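Take a walk through this model, starting with its charged pairs and ending in its interior.

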Amino acid sequence: MIKAVVMDVEGTTTDIAFVHKVLFPYARARMADYVRSHLGEAQVAEALAAVSEEAGLAVDDTEGQIDALIRWIDEDRKVTPLKALQGLIWQHGYQNGDFTGHVYPEVPAALNAWQQQGLRLAVYSSGSVAAQKLLFGYSDAGDLQGLFEANFDTRIGHKREEASYHNIAKALGLPGEAILFLSDIKEELAAARAAGFAVCQLVRPGTVAAEGYPQAHHFQEVTL
């Protein structure tokens, strides 16, 4: 029996175009100035230290760190310190009303219905937990973040690795078979299934359907 639904964001709850055409360019255009003007802040310093470790740079090589961050954005790298800094920049954008977080039209009603049925809801994305909370907290449909019990990012493990889903199940205190994972990516579904999760692929416009997996074109088609 399914007791929790864990969902991806990009391509699942949210149009990929919003991430790639709104969020990424917004952070890229502001990354250099943001890093230079917030060097003394603990969150930024911690992220930059991790950038240096990942890129093989000196810890005080600010310009090298900026270059690496912008290169990773262009390469769409799933690097934890990059995601942390993007989240900080996006926070200003959301709070200033520069944009709202896109969710597909049927998503809010489905989330509310699932919660009312007693299902526990969580998010698992390569985007940082902070970025997830901002997107759902400042969504097109208002504040949806309160519907989620938990948010997970790559700090719990990478999304194409089976161990990550074991870690999520442990964090939720549930066996894998009690959790349904929703994603548009075949490799993520495969990793979750290997960990014992029930899975469903969201086949949104532009998504390549994966053979051998349950599929839904929108949340109302998801079978619990």
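**Charged pairs and nonpolar cores**

A salt bridge joins Glu-75 and Arg-77, with 3.7 Å between the closest N and O atoms. The model that shows this pair is a predicted one. Glu-75 is partly exposed, at a relative accessible area of 44%. Arg-77 counts as partly exposed too, at 31% relative accessibility. Elsewhere, salt bridges with shared partners link Asp-8, Lys-159 and Glu-188 into one network.

How many salt bridges does the structure hold? There are twelve. One of them brings together the side chains of Asp-74 and Arg-28, at 2.8 Å from N to O. Look at where the two partners sit. Asp-74 belongs to helix 3, residues 62–75, and Arg-28 belongs to helix 1, so this salt bridge ties together parts that lie 46 residues apart in sequence. Arg-28 has a relative accessible area of 37%, which means that Arg-28 falls in the partly exposed range, between the 20% limit for buried and the 50% limit for exposed.

Now find Arg-36. Its salt-bridge partner is Glu-63, and the closest N and O atoms are 2.9 Å apart. Arg-36 lies in helix 1 and Glu-63 in helix 3, so this pair ties together parts 27 residues apart in sequence. Both ends can be checked for exposure. Arg-36 is partly exposed at 42% relative accessibility. Glu-63, at 38%, is partly exposed as well.

Next, turn to the interior. In soluble globular proteins, nonpolar side chains tend to be buried together. Here, the largest nonpolar core has 55 residues. Which of its residues have the most contacts inside it? They are Trp-114 and Leu-182. Helix 1, residues 16–37, gives this core its largest share, ten residues. Helix 1 also holds Arg-28 and Arg-36, the salt-bridge residues met above.

Follow Leu-182 outward. Neighbours within four places in sequence are left aside here. Leu-182 then touches Val-5, Val-6, Met-7, Asp-8 and Thr-12, among others. Its contacts also include Trp-114, Cys-200, Leu-202, Phe-219 and Val-222. Two names on that list are familiar. Trp-114 shares with Leu-182 the top place for contacts inside the core, and Asp-8 belongs to the salt-bridge network with Lys-159 and Glu-188.

One more core remains. It lies apart from the largest one and has 23 residues. Among them are Ala-4, Tyr-124, Leu-174 and Ala-192.

Terms used. Residues numbered from 1 in each chain as written. Predicted model: local features only at pLDDT ≥ 70, side-chain atom pairs only at ≥ 80, totals over all residues. Heavy atoms only, no water. Core = buried A, V, L, I, M, F, W, Y, C linked by side-chain atoms within 4.5 Å. Buried < 20%, exposed > 50% of the residue type's maximum accessible area, 1.4 Å probe, protein only. Helix = DSSP H or I, 4+ residues; strand = E, 2+ residues; numbered from the N terminus. Contact = heavy atoms within 4.5 Å. Salt bridge = Lys/Arg side-chain N within 4 Å of Asp/Glu carboxyl O.
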